[in-house]
Every structure is written in C-alpha cells, then in structure tokens.
Amino acid sequence: MRKILLLTVIATFFASMILIWGGHKVVKVTGDAPFCGSCHAWDGLIAKTHLDDPVHGAANPKGVQASCTDCHLPHSSLIAYLGQKAINGFSEGWTVLTKDPTKKDWLANREHARKFYTYDSSCLNCHQSLLDQAVQTKDEPMSKMHLKYAELKNTKEAMQCTDCHKFVGHKELGLTLFQQNDKRPKTWEEWDKERLEKKK
Amino acid sequence: MLDEQRRKAMKQFALFGSSIMLFPTLDVQAKMLEKDVPVWDEEFDAIVVGSGYAGTAAMLSMMNKGLKNVLMIDKMQYMGGNSSISGGSYAMSRTSIQKEHGIQDDPEQHIKDTLKSGHNLNNPEMVRIMAYEGLEAFNWLVNNGVQWKLFSRSGGHSAPRNHSVGVGSFITMPLQEHIMKQGGQQRTRVIMDELVYDDKGRVIGMKVREKYEFKFDRSFDENENKTGITKYYRANAGVVLATGGWAGDPKVRELFNPALKPEMPTTNHYGATGYTIQKLIKDDIDMVDMQYIQIMHVTSADENSFGFGFRAITSGYSYGMMFNPKTGRRFVNEIADRRICSDAIFAMNEKGKNHPLLLMDINGAKTVEIDALQRGIEAGAVYQFETLDEMIQKFNVNKEPFLDELKKYNSYVLTGKDPEFGRTFFKNNDKYITIEKPPYFVMRPGPKIHHCMGGVRTTVDCEVYSTSGKLVEGLYACGEVTGGRHGYNRLGSNSVVDCIVFGRRAGFAVAERYKSLLRRA
Amino acid sequence: MKTLTMRIIISFFVLGLIFLWASDVPQNTATSNNHQYAIDGIHKKLSLGCKECHRELKQEDYSSAMKETCLTCHENYEKLKERTGHLGHNNNVHASPHFTNIDCDICHKSHKPSQNLCLQCHGQQTMKQLIVK
C-alpha cells in the first residue's frame, strides 16, 4: 500500500514537472522566430527586417532583443496571453491551409497590423517606468507626449503606443515590402531574361 | 566770407537735392556704404553667397588655404540651387576614365569645340584655363569624395568626354561635408540684399535678411518679398558671389532677350531669379554677354521641368535618330550643340504642336542605366514600342519617308559618315549602334530655358570689374553669375568645369587677399 | 393604472433621449477647430500650443523656419526617410538625392495647405497622388 502511494507521489511529481517545465518551454519556443517563421515563411522578408532592427531586434549592439510574441501578444495577464495565443494559432493555421499569402497587400495591411496585433500592455511590459518617468521630467517633449497618452487613455481619443512609434521592431519595413512588390527587372540581364520568359 | 561760402554750398545742396527728387526711378538707393550700417551683427573672414558648384568649390578652396571663420549663405530653404538638380556632368579630356574607353582626345580639341559653340566670343584665356586646369580640378573632386559614374558624349563635343556623377548633388554634397568637417559655417534662408562698401569703394560686408521665406511662384517679383530679419555681416577679406543664373525668372530674362517669353518652360529651380544680378547692375558692376541665354533641348516636352527624360534623351542623341513626324525626315545633326539643335527644333515644332521624335532601339536604350530608363517611362517621357508600326500609328508618322530615312540613317552609322548633316558616330563597346532591334524607345525633346552665358565680368582670378573698368576690391564672382567663359552658347558639361575651376580660383584669390591684409596690419 | 404606466413609459423615453443627447456632446477632438489642415489636426490633438513650436520670444517674430523644433519630436531625417520608405525609391520624398536635411516647412505647413516640393520638377502620376500632411 505504502509502496503504491510512494510510487504515485513520485510519478505525479515527475509528471507535473514535465508538464509545467515542458509547457513553459512549448510556450516559449512557439513564441520566437524559428517557430513563427515555419508558417510565416512567406514573410521571411518581414522577419528579416526584425533581425536587422538595431533596437528591438537581433542587430541591437547591446544584445537585448524582443522575440515575436514579446510584442505581438498581449501581456495584460497570463490568461490574455495564452488565450490570444491559442486563438491566433487556430486562425493562422486555418489561413495557412486555405488562403494564399502572396495575394495579400501587406503594405496596406501595416495599419491594420499595428492596430490589432500590437498591444500597449506588451510595450509597457518592458517599458514600465515610462509613465512614472514622464511625471518626474514633465517638461521634456517625450514626457509631455507620454503624459498626454496617459490623459487620453480610456477616452474616445485614446492612443496606442504604435500611433507614434510606428516603426518599432522592423527596420525599413515599408521599403522592404515595396521592393517585394516591385517586380521590374533591376539590371539589363534580368530584363533580357524576363523578355525571354515572356516570349515562351 | 564764410557766410558767402555757406550760402553757395546751401544753394548747391538745394539744387542737387531737388534734382534727386526729380529722378522717379531712384526709389532704390545707390551703393550701400559703411556709414549706413548701424552695427555689424557678425564678423567673418570671408562670405560666400550661394551654395552650388562654384560656391562650395570656392569655400572649400579658401578653407584649404587656411581661412577658418568663413560663412556660406543661401537664400533658399535647401542648399545647392540649380547645381543640386543638374546632371552633374564634367567635360574633360585626358582623364583616366576617357582613356579606359579608348578615346583619343586633347585639350586643344576641347578648346576648339568650346570656341566654335561660343562663336569665338568667349574669353580665350579663360577657355584655355578651363580645358587645361580642369583636369587638376577633376582630380581634386575625386580626392574630395566625388565618384564618377557615367561616361557619355554631349552635343557639340567632338569626342565623348562627359563624366557624370548621376546628379549634381553628388558633387556638391561631398564638398559640403568637407566644409562642415573643417568647421565652415553654412546657413540657409539668408538672402544678401546689399553689398556694403567702404569710402574707397572696397567691399567690406553685406546687408542680409535671416529667416528669409522664399515664395515658390515664378510670376512673383522677388523684390516684393519682404520676409526676414535684417542683419549686417562683415567680411574682412572679401565676398565671393556664386549666386547662379536667372533663367528661372520670366521677367528678368525677357529684359535681356525679348525672344524668351514668360510662358516658356525652364529647367531651373524656382530660386534662379534675377534678384542678385539686378542689385549688381545697380551697384555699377560690369556685365558681359547678357543677351545670351541658353535654351537646352535634352529635356522632354512631356515633362514639367528638368524631369526624368534627360538620360534617355542624352543617349538618344548619341545612338538614335531625331525626325519630324510630319515629314518623316531628320532635320538636324542630333549631336550638334544646344543652340543649333534648339533653334532647329523650334523651327519645326509649331509652337509645341508638332514635337520632334527621338528614336533608338534596345541597343541604344541599354546604354542608359536601367533604373533611369524605367523612371523615364514611369514619368511619361519615354515611350516603348514592340514594333515600328505601333510608333508610327501612335504619333501619326509619315510612314514611307520615315522608313526610307531610317534606312539611310543606319547606313550612315555603319560608314561613320553623315553626308546630310555632318553627324559623327562613336562606337559603344566596340560596336556602332544602329536602329534595328525591338523594342524601340521614343522620346519627344522639348527645349527649355536653361543657362545664362552672360554675367559679371571678372579677371581670370575672379576679381570683379566695375563699369568704370576698375576692379572692385574685396569682391569676387564665380559660376553662372559670371560671364565671358562661354560666349554665344555654352557646351553641355562645360558649366561644371567653369564652376569648379573658377570657384577654386576665387577661393584662392580671397585667401591671398586675407594673407596680404594680415601682412599689412 | 393605465395613466401611471403611460407616465412611467413616457418618462423613461424622455430620460433615454436626454441620456442619448448628453453622451453625444462633442469632446475636444481634432475636428473641432477652424483649420482643416491635417498637420494642424494632429498637433492640436496632442495639445501643442503656439509656444511648443515657435521658440521666438515675441509673437510678431514668429517664423516657420523652425526645423530644430520639428526634429525635437521627429528626431532626424534618417527616421523620416524610413517612415516614407514604403513609397519606393522614386517617390521617397525624404530620400531625395538632391537635397538632404532640408527645412520641414518647405512642404509641411501648419497654418496653410501643405505642398509637395518634388512635384515642381517630377510630375509622374505616383508623385502627384501623394498626400502631404
């Protein structure tokens, strides 16, 4: 009897360790570039703009960087985080299976992405002291703007962090997307090739 | 006795004073004198007015000779004026780039071409200086970060000797960076209103307005622009004028050449007005060749101003054929100078109703950088056709004579001789380029008012003459604001040479004067 | 009873109307000023007053030559170039090969309509369509 109890306790202990540690690991791995990129392979260029970003990306000289989900999932609570993650997982899986990403105008989509796929809670998760700092150094232009943000919160005129900080995390995103769309030949060799293709 | 004298003096003053009143045009005062300056707001060793090719060359040169407290001013909200939007092309023989292309050329030929286009009205010593000293200036630019990108031939030159950086700002910007690095000051929105003279007629400073707001309206007379705050700058060693031309000023250019109507298009930026040149005339500065204002034909009639058609049209004149759509025939040597060609185009274009067509095939088009050609197409300046018939239909070309003319043209290219108009042909990558292989590219050249050959008369060291024939001490001028280098008509790509060579000379001259003033002191 | 019910219904209805009207009172939004210019609207929403941009002491000295003030918030020309990167090489108004670091007010005006400097020479369709804020 005691042996069974002991075995059960030990088994439960190991099982829960695996679940918790493993679960945490799964959440972490499915939040970073290699996993996101496995489906979001079509936007490899967009991921590259993140890698090139010198502030929030891999090109930061101090080595501090944000992973995909650090910004693109809400950080207001664990439930919100995991909940949105699950929802996104389903909807994105569905999209990958049924729709064609090359047909979408990603350049025009930037505003929509900024509004619905970036969260003030995720910015403030790291930049917590911003609002306190704003109160202390009231006269600096940056602080004035942040105090205004705090003032307009929960009103009809509420602003998002990304209303001003539009290009955080992805370096030269606009130009990259433009160039992706621009199918014109860049050299005379490409022009010759394109012409040969057309003739066929 | 004293009373008598006093009465006489009073009478004379009264007479003089009342006669002044009778002069209706004298609402503008004569030269500004030192005693009229309430207080000098700032003091400099030298001031350069204008920030284009000539101004930057002058400033960097004087700084290289040791001057430190120097200021460059420009009235616009941006620097570089016309230089920044120009083609950035420098005509020079004996460069390493020219040799790489296997071209045999020499400065005497360059001089001959320049004098021919100028109808021998150019100052021959200045032309000689440009052709010979221009090589040193060319290398000086390279040493200061300028990178030559393209090589071509411009109208009126007997050999390809035009080196281009792509766009003029790629010459002015590296020079300006050096100026800033060496501590030179540059200010925009500062306009020079008057030169200030001492009692011996020497230029010692200027009256300016800071925070000047230029009005972007060609029909607006800049004399009416009263914005800005008046300040007085002292310039101890001298003032260098590099304020450019007035081809963008419909009123002033018509004064000197009544054939240039106000509604005619121009390549110039809005800032190219006659404001400064009018002030200099009022100050009795001597002018030369003012009636010669160039109209250039390397721009597209389908575009507003300088536009994007420039590169394709330049190649078209070297490797293509220009003809009148109504007759189907050529009417001029395409690679003749701008005066000859513009006159010929005006003679046939029926005041803009019958633009000429400049045609080249894909081999000709490939001599243009692909992105420049694409920009031309996007801007509507370059048309692309798969067949000649498509072109003939689109522009209503007189088919039979045109096809005959095309055959003749191609035969001239291969023999290297054009018995009709005397055009010469050069190989590109060891091959003559005919018009044979589709797709075909067509441009419609439209001449636009471009450059003022005339201007301030100077010595070869850029010292300025007054109308009395004496030099105005402390005053120097270089670039398009001066006259005498180009005579009747300027060759393409000679202007940058003029600006850099004489800009440097002006800078050296000011530095010399500074040193001699120090020695005297 | 009938009249009492009617009275209750009517008073609720009236209260409802009053509530609707009260909630519709316009707040201090960007549209409630007398200018239509986009740039003025954004700056007004952030409660930027005259003195935030014009640093001159006296109002009669106010000039639009205030590039440094603009750059206090808009940082530097490199960032602006990135901001309009989506227009592509031929239309990126902040990446002109001709002029760099030019005064903002050539194009952007707060108290009158903005204009496009590039359009003075480059009239391609894609440039014409640009809206200058």
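Q: Which residues in helix 16 of chain B does helix 6 of chain B meet?
A: This is a predicted model, so keep that in mind as you look at chain B. On the helix 6 side, the residues taking part are B:Ile129, B:Met130, B:Glu133, B:Gly134, B:Ala137 and B:Leu141. Their partners in helix 16 of chain B are B:Asn494, B:Val497, B:Asp498, B:Ile500, B:Val501 and B:Arg504.

Q: How many nonpolar residues does the contact of helix 6 of chain B with helix 16 of chain B have?
A: Sorted by class, this contact has two polar and three charged residues. The nonpolar ones number seven.

Q: Are helix 6 of chain B and helix 16 of chain B roughly parallel or roughly perpendicular to each other?
A: Two packed helices are described by the angle and the distance between their axes. Here the axes of helix 6 (residues 124–143) and helix 16 of chain B come within 9 Å and cross at roughly 80°. Angles from 65 to 115 degrees count as roughly perpendicular. Helix 6 and helix 16 of chain B are therefore roughly perpendicular.

Q: Which helix of chain B gives the most to the largest nonpolar core?
A: That core has 135 residues, and B:Ala46, B:Val240, B:Tyr476 and B:Cys478 have the most contacts inside it. Eleven of its residues come from one helix, spanning residues 494–520 of chain B. That top contributor is helix 16.

Q: Where does this core lie relative to domain 1 and domain 2 of chain B?
A: The assignment for chain B gives domain 1 as 32–296 + 449–521 and domain 2 as 298–446. Both domains give residues to the core, so its place is between them.

Q: Which residues does B:Val240 touch, leaving aside those up to four places away in sequence?
A: B:Val240 is one of the residues with the most contacts inside the core. Its partners include B:Tyr476, B:Cys478, B:Ala506 and B:Val510. The others on its list are B:Ala46, B:Val48, B:Val49 and B:Ala58.

Q: Which strand gives the most to the side of domain 1 of chain B that touches domain 2 of chain B?
A: The C-alpha centres of these two domains lie 33 Å apart. Their contact takes 15 residues from domain 1 and 16 residues from domain 2 of chain B. Three residues of the domain 1 side come from residues 293–296 of chain B, which form strand 12.

Q: Which helix gives the largest share of the side of chain A that touches chain C?
A: In this contact, 13 residues of chain A meet twelve residues of chain C. Helix 9 (141–152) and helix 11 (173–181) of chain A each give two or more residues to that side. The largest share, four residues, comes from helix 11 of chain A.

Methods. Residues numbered from 1 in each chain as written. Chains lettered and ligands numbered in written order. Predicted model: local features only at pLDDT ≥ 70, side-chain atom pairs only at ≥ 80, totals over all residues. Contact = placed C-beta atoms within 7 Å. Domains from an automatic or database assignment. Core = buried A, V, L, I, M, F, W, Y, C linked by C-beta atoms within 7 Å. Buried ≥ 20, exposed ≤ 12 C-beta atoms within 10 Å, placed from the backbone. Axes fitted to C-alpha atoms, helices over the stretch in contact; angles between N-to-C directions. Parallel < 35°, antiparallel > 145°, perpendicular 65-115°, else oblique. Nonpolar A, V, L, I, M, F, W, Y, C, P; charged D, E, K, R; others polar.
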